[in-house]
Amino acid sequence: MKKIIIMILTIGVVLSFAGCGGKTNKMEIVEWTPSETYTDEEIKAAIDVVCDDVRHFKGVKLKTITYAGDDVSEEYMDWATKYKCDQTLVLVSTVKTSAVESDFEKNKTYEDFKWILIRKDGGNWSHVAHEY
């Protein structure tokens, strides 16, 4: 019975990620190693922020996205410090470009593309940087 409940909850979390639209509508959420720092709901909220922000990058599509892990997020704590926040969360994705009007190269696939998000006191996530 416990396994069935866990499976139903997992399916529910994955289906809730389907809310991303636009340039993320065919994006795959890759399962991540459970975090000791953040809940799945907190990670999902960070993914939602990135999905919203990607809509502002013309010609850019998210193909996959996942949580980079607690260790990677800890490595980027300087971003939180810079903005006087106390938490950093890093997502990693595959990004594909077409005709772009930004710093991305045209018709390129970027693997291991990082999205850096910060927040203070458990508030809302803010996307402050991304890097390849």
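The following paragraphs describe the confidence, sheet, core, salt bridges and backbone features of a predicted model.

Confidence in the model varies along the protein chain, which has a mean pLDDT of 84, with 79% of its residues reaching 70 or more. Among the elements of the chain, helix H1 (residues 2–16) has the lowest confidence, at a mean of 37, whereas H3 has the highest, at 98. The pLDDT stays below 50 over residues 1–22, a stretch for which the model shows 15 contacts beyond near neighbours in sequence.

The strands form an open sheet of five members, arranged in the order S1-S2-S3-S4-S5 and with mixed pairing. Strand S1 (28–29) and S5 occupy the edges and have a single partner strand each, so that one side of each is left without a neighbour in the sheet. The pairing of S4 with S5 is antiparallel and runs over five bridges; within it, isoleucine 118 has serine 126, in S5, as its bridge partner.

The largest nonpolar core comprises 25 residues, and those with the most contacts inside it are Ile47, Ile65, Leu89, Leu91, Trp115 and Leu117. Two or more residues are contributed to this core by each of helix H2 (40–54), strand S2 (60–67), S3 and S4, and the largest share, seven residues, comes from H2. In soluble globular proteins, nonpolar side chains tend to be buried together. The surroundings of leucine 117 illustrate the contacts in this region: leaving aside residues up to four places away in sequence, leucine 117 touches Ala46, Val49, Val50, Gln87, Thr88, Leu89, Leu91, Trp125, Ser126 and His127.

Helix H2 itself has 15 residues and spans 21 Å from its first C-alpha to its last, close to the 21 Å expected at 1.5 Å a residue. Its buried residues are Ile43, Lys44, Ala46, Ile47, Val49, Val50, Cys51 and Val54. Lysine 44 counts as buried because its relative accessibility is 18%, under the 20% cut-off. The side chain of lysine 44 meets that of aspartate 48 in a salt bridge, at 2.4 Å from N to O, and the two residues, being four apart in helix H2, are separated by about one helical turn. Aspartate 48, in contrast to its buried partner, is partly exposed, with a relative accessibility of 23%.

The structure holds five salt bridges, and two further examples can be described. Aspartate 52 and arginine 55 form one of them, with their closest N and O atoms 2.7 Å apart; aspartate 52 is partly exposed at 43% relative accessibility, as is arginine 55 at 33%. In another, the side chains of lysine 108 and glutamate 105 meet at 3.8 Å, N to O, with lysine 108 partly exposed at 26% and glutamate 105 partly exposed at 47%.

Most residues other than glycine have a negative phi. Against this background, lysine 84 has a positive phi of about 55° although it is not a glycine, and it lies in the loop between helix H4 (77–82) and strand S3 (87–97). Lysine 84 is exposed, at 66% relative accessibility. Aspartate 121 likewise has a positive phi, of about 50°, without being a glycine; this residue is placed in the loop between strand S4 (109–119) and strand S5 (126–131), where it is exposed with a relative accessible area of 64%.

Aspartate 71, in helix H3 (residues 70–75), is also exposed, with a relative accessible area of 64%. The C-alpha atom of aspartate 71 is separated by 9.7 Å from that of serine 35, which is 36 residues away along the chain.

Note on methods. Residues are numbered from 1 along each chain as its sequence is written. This is a predicted model: local features need pLDDT of at least 70, side-chain atom pairs count only at pLDDT 80 or more; totals for chains, interfaces and linings use all residues. Side-chain values use heavy atoms; hydrogens and water are left out. Buried means under 20% relative accessible area, exposed over 50%, partly exposed in between (1.4 Å probe, protein chains only). A nonpolar core is a set of buried Ala, Val, Leu, Ile, Met, Phe, Trp, Tyr and Cys residues joined through side-chain atoms within 4.5 Å. Contact means heavy atoms within 4.5 Å. pLDDT is the predictor's confidence in each residue, from 0 to 100. The expected span of a helix is 1.5 Å times one less than its number of residues. Two strands pair if DSSP finds at least two bridges between them. A salt bridge is a side-chain nitrogen of Lys or Arg within 4 Å of a carboxyl oxygen of Asp or Glu.
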